[in-house]
Amino acid sequence: MSNLLTRRNLITTGLAAAAGVAGLAAAERIATRYGLIPPDAGGWLGPGEVLTYAAQRLLMGHHAMAREFSRSEVSKVHPISGYPPQTDEYQRLLHGGFKDYRLPVDGLVARPVVLSLADIKRMPVRSQITEQSCEEGWSFIAEWHGTPLYNLLHQVGVSTRARYIAFYAFDGSFDSLDLTDAYHPQTFLTYGLSGNELPIDYGAPVRLKVPRQVGYKSIKYLSRISVTDSMQHIGSGQGSNQPDYGYTWYAGI
Ligand SMILES: Nc1nc2c(c(=O)[nH]1)N[C@H]1C(S)=C(S)[C@@H](COP(=O)(O)O)O[C@H]1N2
Ligand SMILES: [Mo]
């Protein structure tokens with residue numbers, strides 16, 4: 001029996017037990033229909049991660065919100081992960097005050113666009129005071145400004161064939177979200193921090209904020225967004241460069 005089947009069985013057996021579903025075949029249909037099998041179940045994920053994804057999708061539903069805080073709870077120190085991109089392209093954009101910054105949004109969309117920073121700032125402005133937790137053990141609460149990603153997704157018209165949104169960065173990082181997390185109201189395209197422009201260290205000019213997942217899903221220095229029906233062409237097929245460091249594609253908290 002393949003790993004995929006073994007792990008599928010693990011979920012469906014658990015589902016059948018937990019939900020009192022009559023029969024494994026019914027549980028299997030439910031797990032597939034409601035998207036409880038993560039896209040990487042056949043590969044490098046352990047059963048634990050598969051269950052985490054399934055349990056969060058089941059127990060938290062599609063609209064569970066990350067906790068939001070008040071301004072008085074904002075952390076004094078905002079730790080930084082990584083370094084600003086050293087590429088010529090990024091350095092040129094930075095020195096031009098990001099006037100020449102362009103964000104292509106392509107793939108399975110009706111209306112591909114190439115957005116300037118001004119275009120992004122014209123979308124409805126929202127803020128969130130949320131906690132970012134790094135897999136390395138630190139976290140901080142900060143106030144971020146931007147627009148919910150769903151505004152962009154509505155603008156470009158996501159195809160019914162779409163399953164993932166891939167995010168690429170100027171420093172070579174990349175990651176992806178399923179549509180549940182991509183359309184989640186707290187998933188933001190972010191260009192401001194604490195009432196100011198997004199500082200370079202925190203991902204200028206535009207980053208992703210995904211407060212329902214661990215920090216590495218909040219890709220900084222966004223250079224391209226692409227809508228796809230498969231992870232096959234996102235990196236080496238794992239949908240993220242984090243698995244190269246031993247971390248999982250789905251990192252819900
Ligand atoms: N492009 C890019 N995005 C990135 C990273 C990075 O190195 N490059 N680090 C990630 C990690 S591991 C974390 S915890 C958060 C940290 O965000 P911060 O530096 O704003 O605190 O950014 C994430 N996004
Ligand atoms: Mo991190």
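**View 1. Contacts of I120 in the predicted model.** This close-up comes from a predicted model. Beyond its neighbours within four places in sequence, I120 is in contact with six named residues, listed here: Y101, L103, L115, L189, Y191 and V206. I120 also belongs to the largest nonpolar core, where it is among the residues with the most contacts.

**View 2. The largest nonpolar core.** This core has 36 residues. Those with the most contacts inside it are Y101, I120, L152, L222 and I225. Helices and strands both supply it. The helices that each give at least two residues are α4 (88-95), α5 (117-121) and α6. The strands that do so are β1 (103-107), β2 (113-115), β5 (164-169), β7 (188-193) and β10 (222-228). Which element gives the most to this core? Helix α6 does, with four residues. In soluble globular proteins, nonpolar side chains tend to be buried together.

**View 3. Another core, set apart.** Apart from the largest core lies another one, of nine residues. Among its members are Y164, A166, Y168 and Y250. Y250 appears again in View 6, in contact with D181.

**View 4. Helix α6 and the residue after it.** Helix α6 spans residues 149-156. Which of its residues are buried? They are L149, N151, L152, L153 and V156. L152 is also among the residues with the most contacts inside the largest nonpolar core. G157 follows the helix. The phi of G157 is positive, near 75°.

**View 5. Ligand 1 and its surroundings.** Ligand 1 is surrounded by 19 residues. The closest are P79, Q132, D171, R207 and K220. Two of these bring a polar side-chain atom to an oxygen atom of the ligand. For Q132 the distance is 2.7 Å. For R207 it is 2.7 Å as well. S81 uses its backbone instead: an N or O atom there lies 2.8 Å from an oxygen atom of ligand 1. How much of ligand 1 does the protein bury? Taken alone, the ligand exposes 530 Å², and the protein buries 93% of that.

**View 6. D181 in helix α7.** D181 is found in helix α7, which covers residues 179-182. Is D181 buried or exposed? Its relative accessible area is 2%, so D181 is buried. Leaving aside neighbours within four places in sequence, D181 is in contact with R57, T187, R212, Q213 and Y250.

**View 7. The salt bridge between K121 and E197.** The structure holds six salt bridges. In this one, the side chains of K121 and E197 meet at 3.0 Å, N to O. K121 lies in helix α5 and E197 in strand β8 (residues 196-197), so the pair ties together parts that are 76 residues apart in sequence. K121 has a relative accessibility of 30% and therefore counts as partly exposed. E197 is exposed, because its relative accessible area is 52%.

**View 8. The salt bridge between R122 and D119.** Here the side chains meet at 2.5 Å, N to O. R122 counts as exposed because its relative accessibility is 62%. D119 stands at 25%, so D119 counts as partly exposed.

**View 9. The salt bridge between R67 and E73.** R67 forms a salt bridge with E73. The closest N and O atoms are 3.6 Å apart. How exposed are the two partners? R67 has 56% relative accessibility and so counts as exposed. E73 has 34%, and therefore counts as partly exposed.

Terms used:
Residues numbered from 1 in each chain as written. Chains lettered and ligands numbered in written order. Predicted model: local features only at pLDDT ≥ 70, side-chain atom pairs only at ≥ 80, totals over all residues. Heavy atoms only, no water. Buried < 20%, exposed > 50% of the residue type's maximum accessible area, 1.4 Å probe, protein only. Core = buried A, V, L, I, M, F, W, Y, C linked by side-chain atoms within 4.5 Å. Contact = heavy atoms within 4.5 Å. Near = heavy atom within 4 Å. Polar contact = N/O pair within 3.5 Å; in protein donor to acceptor, adjacent residues only side chain to side chain. Areas by Shrake-Rupley, 256 points an atom, 1.4 Å probe, with all protein chains shown as cover. Salt bridge = Lys/Arg side-chain N within 4 Å of Asp/Glu carboxyl O.
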